[in-house]
Amino acid sequence: MREKSVSLADQAYDAIKTNILNLTYPPGMPLTESKLSDNLAMSRNPIRTAIRMLQAEGLIVSDYYKSMTVKEITEQDVRQIYQLRELIELPAFRMIFDAGRQEEYSYRIEEKAVRMCAAANDPFGWELADAAFHMEIISIYENERINRVYENNLSELIRMGMYSVRNGMVIQKTNENLKQMVLYMRQGDYEQALDILKKDHFGTGRATALFCVPPDAGE
């Protein structure tokens, strides 16, 4: 019985988290145990456990009256997340070239690009593949602590990425640019490859993610 309860809680956690990340449950949406129980056709016990797990991750928040909502995304959130990405990823990308491993990494990144192209009509699947692409870049550090810092922010990255796609980031265009970046890496052209990474995944990504922020959300 205990194993079944844990399994149901894990299922509830996965289902609720997926709905938060793919924006089925958008930022600011009120949640109740009763509503989630009905949506997932589960009893409240596993739902309650899943909620506690998601609260610990910061995806569900409660106010003084214990009302639950999906965590909002503020302008400050977007700017801080993208600042973190630039601080971690840009030196990693430079390190790939400095170590003479740009050809090796071009094939590793290409494998992630193939997954992104396969998910061109599935924004959530594409965002998951995109997250794996960025994790591939920072793997050059071979530093588990850096990996954990990045992984701890993946949920916010994916939610912001979903908004980027909704608000102007064109998946097909980004996929084509990524293919070109891979070619530049094989040619050893750091500047051209970096330009694509910065424009697509930091410039356009950040600008379009900001469209999701209500005018007063950063105040």
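## A walk from a buried histidine outwards

Let's start with a polar contact: the side chains of His 134 and Arg 85 come together at 2.9 Å. This is a predicted model, so every distance here is computed from predicted coordinates. His 134 has a second side-chain partner in Glu 89, with a polar contact of 2.6 Å. You'll find His 134 in helix α6, which covers residues 123-138. Is this histidine buried or exposed? His 134 counts as buried, because its relative accessibility is 2%, and the cut-off for buried is under 20%. Leaving out residues up to four places away in sequence, the residues that His 134 touches are Arg 85, Glu 89, Tyr 150, Leu 197 and His 201.

Next, the aromatic rings. A search of the whole structure turns up three aromatic pairs. One of them joins Phe 97 and Tyr 190 edge-to-face, with 5.2 Å between the centres and 70° between the planes. Phe 97 sits in helix α4 (residues 75-98) and Tyr 190 in helix α10 (residues 190-209), so this pair ties together parts of the protein that are 93 residues apart in sequence. Both Phe 97 and Tyr 190 are buried. Add Phe 93 and you have one aromatic cluster, made of Phe 93, Phe 97 and Tyr 190.

Rings also turn up with arginines over them. Arg 108 lies over the face of Tyr 105, at 4.2 Å from the ring centre. Over the face of Tyr 107 you'll see Arg 186, at 3.8 Å from the ring centre.

Now for the strands. There are three in an open sheet, ordered β1-β3-β2, and the pairing is antiparallel. At the edges are β1 (30-31) and β2 (60-62), each of which pairs on one side only. Two bridges hold the antiparallel pairing of β1 with β3, the strand at residues 68-70; Pro 30 has Thr 69 of β3 as its bridge partner.

Strand β2 is also home to Ile 60, and it's worth a stop. With a relative accessibility of 2%, Ile 60 counts as buried. Setting aside neighbours within four places in sequence, the contacts of Ile 60 are Ile 16, Ile 20, Leu 31, Leu 54, Gln 55, Met 68 and Thr 69. Gly 28 is 32 residues away from Ile 60 in sequence, yet their C-alpha atoms are 9.3 Å apart.

Two loop residues deserve a look at their backbone angles. Most residues other than glycine have a negative phi. Leu 23, in the loop between α1 and β1, goes the other way with a phi near 70°. Glu 142 also has a positive phi, about 50°, and belongs to the loop between α6 and α7 (144-152). Which of these is buried and which is exposed? Leu 23 counts as buried because its relative accessibility is 5%, whereas Glu 142 is exposed, with a relative accessible area of 66%.

Finally, how far can you lean on all this? The mean pLDDT of the protein is 89, and 93% of its residues reach 70 or more. Among the elements, helix α5 (residues 102-118) has the highest mean, 96, and helix α1 (residues 2-21) the lowest, 82. Over residues 1-5 the pLDDT is below 50, and that stretch has zero contacts in the model beyond near neighbours in sequence. Where pLDDT is low, the predicted coordinates should not be read in detail.

Conventions. Residues numbered from 1 in each chain as written. Predicted model: local features only at pLDDT ≥ 70, side-chain atom pairs only at ≥ 80, totals over all residues. Heavy atoms only, no water. Pairing = 2+ DSSP bridges. Helix = DSSP H or I, 4+ residues; strand = E, 2+ residues; numbered from the N terminus. pLDDT = per-residue confidence, 0-100. Contact = heavy atoms within 4.5 Å. Buried < 20%, exposed > 50% of the residue type's maximum accessible area, 1.4 Å probe, protein only. Phe/Tyr/Trp six-rings, centres within 6.5 Å; stacked < 30°, edge-to-face > 60°. Lys NZ or Arg CZ within 6 Å of the ring centre and 35° of its normal. Polar contact = N/O pair within 3.5 Å; in protein donor to acceptor, adjacent residues only side chain to side chain.
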